[in-house]
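Please open the model in a viewer and keep the selection tool at hand. The tour below proceeds from one selection to the next and states what is found at each stop.

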Amino acid sequence: MTIAVQLRDLRKVYDGPPPVTALDGVSLDVPAGMIYGILGPNGAGKTTAIGICTTKVRATGGSASVAGLDVAQHPVGVRRHIGIASQAITLDRSCSVGDNLYYHCRYFALPLAECRRRTEELLQRFGIADRRDSMPAQLSGGLAQRVQLARAIAHRPTVLFLDEPTAGLDPQTRLALWELVDTLRNEGLTVVLTTHYMEEADRLCDRVAVVDHGRVLAEGTPAELKRDNGGTVVINAAFAGDRQAARAALEGLPGVTEVVETERGLRVLVSLDGGAVPRVVSRIAEHHLTDLTVAEPSLETVFIRLTGRDLRG
Ligand SMILES: Nc1ncnc2c1ncn2[C@@H]1O[C@H](COP(=O)(O)OP(=O)(O)OP(=O)(O)O)[C@@H](O)[C@H]1O
Ligand SMILES: [Mg+2]
């Protein structure tokens, strides 16, 4: 198996004051031809990791290689191999959609005729041919992101880095973008994307690294992550009455692995084995319940279990 991106004990401390440790020893391997998700909350270090891989940020320690090239030793070589699209729209605002693609090809020194041909091909393929003369400012967020994706692969990179590509997009636009990314992977491109959308990581990614505070907490396929983290069901309950009484009644019940207080009540982590969930739910119901949600094992429950926190804060 070829490894497209390899991080070894990667560290990044931003100079202060105060100094911030953004990456605290990250090691991971991204196999070629996969969609690899880096999943984590705000400030986890996702953009920093992408920044180092794409030669924008210099690591404080450890190493990163992309397409077999060390990013610190061969930054120019690495840049030839990579495509980048971030959440921010970085299209050239002074030229049209078509020209954004065309000049990107020129920048990468494709032959002139090839620049024209490639631009046309990408406009068709990404469904933006009718917008070739539009200026970036005239595009919706979803369309602009499409153009950025087209531009990111225009010079035929082997590894595509997407930093929160779907942040802020509506669900339908997000789905359409997932499909495009999926097709690119099927054509052999390696895709590394960061996200804090659990569903995105679950549906789109072949493998996922869950990161928090600059460390990898878990790594694997979405199915492995869900299985290895105990098939945990997360029950969130809100109470009108005394939550301490409910807490006392739940702690020690078979299958209950953890009870945490939340703003409105309790969060109860229950192991899926042995029919514990109905038992716990009926016990909770004895305590002036006002609201109850039960979340099945998902990357979200994996994350809560690993970090003790909700990804949304
Ligand atoms: N240029 C910088 N100078 C100083 N600190 C920085 C800089 N860039 C990032 N940081 C800090 O490093 C940590 C990691 O930031 P990073 O942007 O990599 O996280 P992230 O996972 O991409 O977060 P988000 O989901 O908000 O995009 C944060 O504490 C952030 O404040
Ligand atoms: Mg970021």
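Angles under 35 degrees between helix axes count as roughly parallel, and those over 145 degrees as roughly antiparallel. The model to which this convention is applied here is a predicted one.

**First stop: the two domains**

Begin by colouring residues 3-225 as domain 1 and residues 232-296 as domain 2, following the domain assignment of the protein. The centres of domain 1 and domain 2, taken over C-alpha atoms, are separated by 40 Å.

**Second stop: α3 beside α5**

Select helix α3, residues 97-107, together with helix α5, residues 141-153. How are α3 and α5 oriented to each other? Their axes lie 9 Å apart and form an angle of about 20 degrees, and α3 and α5 are therefore roughly parallel to each other. The crossing in which α3 passes α5 is right-handed.

Now display the side chains at this contact. From α3, select V97, N100, L101 and H104; from α5, the residues they meet are V147, A150 and R151. The contact of α3 with α5 consists of four nonpolar residues, two polar residues and one charged residue.

**Third stop: α3 against α4**

Keep α3 selected and add helix α4, residues 112-125. Here the packing angle is about 135 degrees, and the axes of α3 and α4 are 9 Å apart. That angle makes α3 oblique to α4. The crossing of α3 and α4 is right-handed.

On the α3 side, show G98, L101, Y102, C105 and R106; on the α4 side, show C115, R116, R118, T119, L122 and L123, which they meet. Sorted by character, the residues of this contact of α3 with α4 comprise six nonpolar, two polar and three charged. L101 deserves a second look, for this residue of α3 takes part in the contact with α4 and also in the contact with α5.

**Fourth stop: the surroundings of ligand 1**

Select ligand 1 and then the residues around it: Y14, V20, A22, G40, N42, G43, A44, G45, K46, T47, T48 and H196. Two elements, β2 (20-31) and α1 (46-53), each give two or more residues to this shell. Which element gives the most to the shell around ligand 1? It is α1, with three residues. The shell around ligand 1 divides into seven polar residues, four nonpolar residues and one charged residue.

**Last stop: α9 and α10**

Finally, select helix α9, residues 243-250, and helix α10, residues 276-284. The axes of α9 and α10 are 10 Å apart, at an angle of about 150 degrees; α9 and α10 are therefore roughly antiparallel to each other. α9 passes α10 in a crossing that is right-handed.

To view the contact, show A246, A249 and L250 in α9, which meet V280, R283 and I284 in α10. Five residues of this contact of α9 with α10 are nonpolar, none is polar and one is charged.

Methods: Residues numbered from 1 in each chain as written. Chains lettered and ligands numbered in written order. Predicted model: local features only at pLDDT ≥ 70, side-chain atom pairs only at ≥ 80, totals over all residues. Domains from an automatic or database assignment. Axes fitted to C-alpha atoms, helices over the stretch in contact; angles between N-to-C directions. Helix = DSSP H or I, 4+ residues; strand = E, 2+ residues; numbered from the N terminus. Parallel < 35°, antiparallel > 145°, perpendicular 65-115°, else oblique. Left-handed = near helix turned anticlockwise from the far one by under 90°. Contact = placed C-beta atoms within 7 Å. Nonpolar A, V, L, I, M, F, W, Y, C, P; charged D, E, K, R; others polar. Near = placed C-beta within 6 Å.
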